[in-house]
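Colleague: Please pick one strand of this model and look at it closely, then set it against the rest of the chain. Keep it plain.

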Amino acid sequence: MMKKSISASKASLVLFLCQMISALDVPLDSKLLEELSQPPTITQQSPKDYIVDPRENIVIQCEAKGKPPPSFSWTRNGTHFDIDKDAQVTMKPNSGTLVINIMNGGKAEAYEGVYQCTARNERGAAISNNIVIRPSRSPLWTKEKLEPNQVREGDSLVLHCRPPVGLPPPIIFWMDNAFQRLPQSERVSQGLNGDLYFSNVQPEDTREDYICYARFNHTQTIQQKQPISVKVFSMDSLNDTIAANLSDTDIYGAKPVTERQPILLTPTGSTSTKVELRGNVLLLECIAAGLPTPVIRWIKEGGELPANRTFFENFKKTLKIIDVSEADSGNYKCIARNILGSAHHVISVTVKAAPYWITAPRNLVLSPGEDGTLICRANGNPKPNISWLANGVPIAIAPEDPSRKVDGDTIIFSHVQERSSAVYQCNASNEYGYLLANAFVNVLAEPPRILTPANKLYQVIADSPALLDCAYFGSPKPEIEWFKGVKGSILRGDEYVFHDNGTLEIPVAQKDSTGTYTCVARNELGKIQNEVRLEVKDPTMIIKQPEYKVIQRYGQVSFECIIKHDFTLLPTVIWLKDNDELPDDERFLVGKDNLTIMNVTDKDDGTYTCIVNTTLDSVSASAVLTVVARPNPPFDLELTGQLERSVELSWIPGDENNSPITNFVIEYEDGLHEPGVWHYQTEVPGTQTTVQLKLSPYVNYSFRVIAVNEIGRSQPSEPSEQYLTKSANPDENPSNVQGIGSEPDNLVITWESLKGFQSNGPGLQYKVSWRQKDVDDEWTSVIVANVSKYIVSGTPTFVPYEIKVQALNDLGYAPEPSEVIGHSGEDLPMVAPGNVQVHVINSTLAKVHWDPVPLKTVRGHLQGYKVYYWKVQSLSRRSRRHVEKKILTFRGNKTFGMLPGLEPYSSYKLNVRVVNGKGEGPASPDKVFKTPEGVPSSPSFLKITNPTLDSLTLEWGSPTHPNGVLTSYILKFQPINNTHELGPLVEIRIPANESSLILKNLNYSTRYKFYFNAQTSVGSGSQITEEAVTIMDEGKMAMASRQVDIATQGWFIGLMCAVALLILILLIVCFIRRNKGGKYPVKEKEDAHADPEIQPMKEDDGTFGEYSDAEDHKPLKKGSRTPSDRTVKKEDSDDSLVDYGEGVNGQFNEDGSFIGQYSGKKEKEPAEGNESSEAPSPVNAMNSFV
């Protein structure tokens, strides 16, 4: 049911129309409310007990509404109050509110009394509560003579306030002459009655300005009591006074201050009673005297103090229970206790209750002939009396109504008529108060009305409930029916829910629920209908939700929020951080479907929510952003448990910045030896914050700690305090002691010096000792300063020595060092290897053997043998060239090695030398050996010239590397037809001394492919290929010349352009395929019809290979792609050694297999032959068109 806002003038009418209990409801429709007749109802009135300010006008409120508008009258003290006869009293227009003019001469006291308002129209009368008007009073204090209070130290004292009786009662507080509140405590406090209680007085309580103030809130005045003087006598001053002025101690005595057990100052006696009303605040008080000051405790006998409603005030001297009920009745005991004993008081609490509603009467709207009831039920303690009034008159003397029957707290109505309309009052009262309620009976006869606007549009999301309103009114209550469409059948079934207020509910609306719905309302006085429309929309969804992100500080992060929605709805996207608006910061960039945060800081950590709103639905998705960073440095480093060789270090970790600390790194600084330099000491797991550190003597330690997490290392902590350890003998000797001669007649002893903290004390030196090994000599020793080298001169060449180096300082020596073996200086080897033999394995590989030299002649550490070898000349050419020696090194005491990468059919020399740490020995005599022939390289070029109708001229260059004596050339060729198929293969053997050939008897205008290679006695070398075309028949060319010159025709030019474009596209495709390793059609045909006799052989293993995809071997389509000079140049392919050695040297395994690397570079021979050019023929020009 659609709710409409209504004006304030109709608010009260709305209230009572909402309280009907019959089957007839009056909807909250302003237009309807203005048309219906209604009995009056009181909407606003002054409180029952109305205390007014006597200086201001008195306003007694009474507002009521009804149809027709009600008239108002008043009674005062039970009799009619004629306001027209009192010039000081006026009634507000269209209202029952009275205004009594006090400010223009009236007196508030003259208008004290009980007032009651009556609002009346033709359908009944409503009455207000009895409003008791009383002006507030703030009387002055009565004058009294106040005697000074003289009190002995430790005694109790009560300063009485006794404020004047005001209306309402004043608020009491104690202050001094400077208007400062007097301090209160467990010892001094103010009671509920306003008196000031001292459990025991102290000398500091002496003063003459204890002033009690009373504040009257209604009149906003404060009354002041005369100051009270208090003088506290200490025991010393009291004894002096007694001695001077008194002859006995009857009043004060002369005893010292004595402690006293508690006694209660208030309440007095052992028991008392208290009555409180239900719903009020219960205040119980106990104040005790005693020395020391007693402590108060509260208990409830036979039960517990109510939880959540119990409070202690005034230093636990006041027990406060709010919102009391009958269950809070019982005995409450306060106990005052100090070290000498206790005192207690029991307060018996009884909770009474003014009347309160169980069921207040509710308004009835009935149709003629209907039945109804008014029920008035109230409770209280004691139980209240229920009485009824009709239109403000006791029902016993009210006009009779045959449809009405009173039965105690219920009025029963049967078969009512329009004249039965009236306002009934229920009064529930007991000795503590009363309740008065108005409830009307309104009998109406109205035809049906539909209040929902016509053609109202409802929009809902699919799969959600749809509620279609049909707000109605009629008397008798109309029946409601729903239809879909203009001529649809009545709606029934489980898929619909029909509410009593006329609303049709479709629990799960689907797309097919869209349409027009008709609501029909009918009763015996008429019928009416209304149409509404329903549209069902697709739901809004977040199809890409923001995801959990972990980002480092100062990074950039983005959250996605991609949505899908009904195209007729306009969504709005809102981003929240921690359920609040995004910070007003330019770093936050909100895009169409994302949120980006630049330069992320720790404050950006939190939950980010994307909320998508439309007019019909709302969806949201959240993700957490965790900002991580390197941890903050540890702090508060502390050294404890200092010992000579250890100390305990502890620290407090810094913030881990959302990434757990994995470990702590401890570093130290030696302020004595290396100030400012920090060294690694140790590291511990991230859960550990203390570590026991091992220390060295004679070090001035400072420590710092670095925290480590997955992001990185923190800044170092502040250094700890310094700790200087005591000096001691060195714990260790120098490391890496070596003895190596730099000259044949010396021994250089070196070692790694101890670091500063390893010295363990001042005066670090080294004792260096040596003696020749295997000779019965004494140790020779020398003490040197803090250096790392000592040279022994005059030693034999390459002799072993025993060496040791011992550390010492001012406190003594380190432990005895271990001995190492060193050697005096080396000299060059004396003899060359003998019996050098060479075994040629093939045209490119040879094996060399030699005899080892005697170890004594090496005069040093044997490192291996070096083989020097070089090419003297090629046997196929007598010309000499620059000699470049190559070197292979063979480690250790080897006696053979392999020489790879030799050139076939060549003469070589070699020699062998032994190598030690000083250098190489003399070379062995040169050994000469020759390599056998091998297969040649491909011819250096192949050039095809002078094409005719039936012949082609071939020219070629000899192989760059013949690798032997050439015996012949092999030429193979075959035709290629227009479909790129290969024809029969023809082979020709050509003498080795030829360099050109004319091929005759060829077919005219035919493409040929040629394969050309050289041979030695060993076999054929690699081949070179080329393609060429014979020229066209001249007769056919002449006939073509007599034809129309179509080249000048426009259609021909266009055709040629299209063909050129097509060919260009094909060339691009072929180029791409070739780069990807593809094969062209001719090659595929060749592969398909492979002839072993014509396949090229791989040079390395003799197996058959494929045609190369290189530029030189591409097939020609539509003319030769061969350069005009028909020259094919092949890259130089000098034989070269495989890289076999260590740097510039090489080596072999024990079995002679080569694992080294030769040094030097092979010289390259220039390619033979000169490129020539040929003027293109007409055929060439045509074939080169594309």
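Modeller: Accessible areas here come from the Shrake-Rupley method with a 1.4 Å probe. By that method the protein chain has an accessible surface of about 61100 Å², and 51% of this surface belongs to carbon and sulfur atoms. The model is predicted. The chain has 1186 residues, of which 44% are buried. Strands number 86 and helices 8. Of the contacts in the chain with a separation of 6 or more, 66% are between residues 24 or more positions apart.

The strand I take is β80, residues 952-959. Of its 8 residues, 6 are buried, so β80 is largely enclosed by the rest of the structure. β80 has two partners to describe. With strand β79, residues 939-945, β80 runs antiparallel, and 6 bridges join the two. In this pairing I944 stands opposite L954 of β80. β79 and β80 form a hairpin with 6 residues between the strands. N946 in that hairpin has a positive phi near 50°. With strand β83, residues 996-999, β80 also runs antiparallel, here through 4 bridges. In that pairing E955 stands opposite S996 of β83. As background, strands of a sheet pair through backbone hydrogen bonds, either parallel or antiparallel.

Within β80, T953 deserves a separate look. Is T953 buried or exposed? Buried means under 20% relative accessible area, and T953 has 11%, so T953 is buried. Leaving out residues up to four places away in sequence, T953 touches K943, I944, T945, N946, L997 and I998. K943, I944 and T945 fall within the 939-945 span of β79, and L997 and I998 fall within the 996-999 span of β83. N946, also touched by T953, is the hairpin residue with the positive phi.

N946 leads to two other asparagines with a positive phi. In general, most residues other than glycine have a negative phi, and most peptide bonds are trans. N455 has a phi near 55° and lies in the loop between β38 (446-450) and β39 (456-461). N455 is partly exposed, with a relative accessible area of 49%. N736 also has a positive phi, of about 55°, but N736 is found in a strand, β64, residues 735-740. The relative accessibility of N736 is 45%, so N736 counts as partly exposed.

Two peptide bonds are cis. One runs from L167 to P168, with omega near -5°, and P168 is in the loop between β13 (157-159) and β14 (171-175). The other joins S475 and P476, with omega about 5°. P476 is likewise in a loop, between β41 (472-475) and β42 (479-484).

For a comparison with the antiparallel partners of β80, there is an open sheet of 5 strands in the order β29-β37-β36-β32-β33, with mixed pairing. Its edge strands, each pairing on one side only, are β29 (364-366) and β33 (393-394). β29 runs parallel to β37, residues 433-443, and 3 bridges join them. V365 stands opposite N442 of β37.

Next, the nonpolar cores. In soluble globular proteins, nonpolar side chains tend to be buried together. The largest nonpolar core in this model has 30 residues, and those with the most contacts inside it are I58, I60, W74, I100, Y115 and I133. Two or more residues each come from β2 (49-52), β3 (58-60), β4 (62-67), β5 (71-76), β8 (98-100), β9 (113-121) and β11 (131-135). β9 gives the most, with 3 residues. W74 touches I60, Q61, C62, T79, H80, F81, M91, G96, L98, Y115, Q116 and C117, again leaving out residues up to four places away in sequence. Another core lies apart from this one; it has 20 residues, including V691, L695, A707 and F757.

Some nonpolar residues are found on the surface instead. L1061, L1064, I1065, I1068, V1069, F1071 and I1072 form a nonpolar patch there, with about 640 Å² of accessible area together. L1061 lies in helix α6, residues 1050-1075.

To return to the strand you asked for: β80 is largely enclosed, since 6 of its 8 residues are buried, and it is joined by 6 bridges to β79 and by 4 bridges to β83.

Definitions and conventions
Residues are numbered from 1 along each chain as its sequence is written. This is a predicted model: local features need pLDDT of at least 70, side-chain atom pairs count only at pLDDT 80 or more; totals for chains, interfaces and linings use all residues. Side-chain values use heavy atoms; hydrogens and water are left out. Two strands pair if DSSP finds at least two bridges between them. Buried means under 20% relative accessible area, exposed over 50%, partly exposed in between (1.4 Å probe, protein chains only). Contact means heavy atoms within 4.5 Å. Patches are made of residues with over 30% relative accessible area and no salt bridge: like charges are joined within 9 Å, nonpolar side chains (Val, Leu, Ile, Met, Phe, Trp, Tyr) within 5 Å. A salt bridge is a side-chain nitrogen of Lys or Arg within 4 Å of a carboxyl oxygen of Asp or Glu. A nonpolar core is a set of buried Ala, Val, Leu, Ile, Met, Phe, Trp, Tyr and Cys residues joined through side-chain atoms within 4.5 Å.
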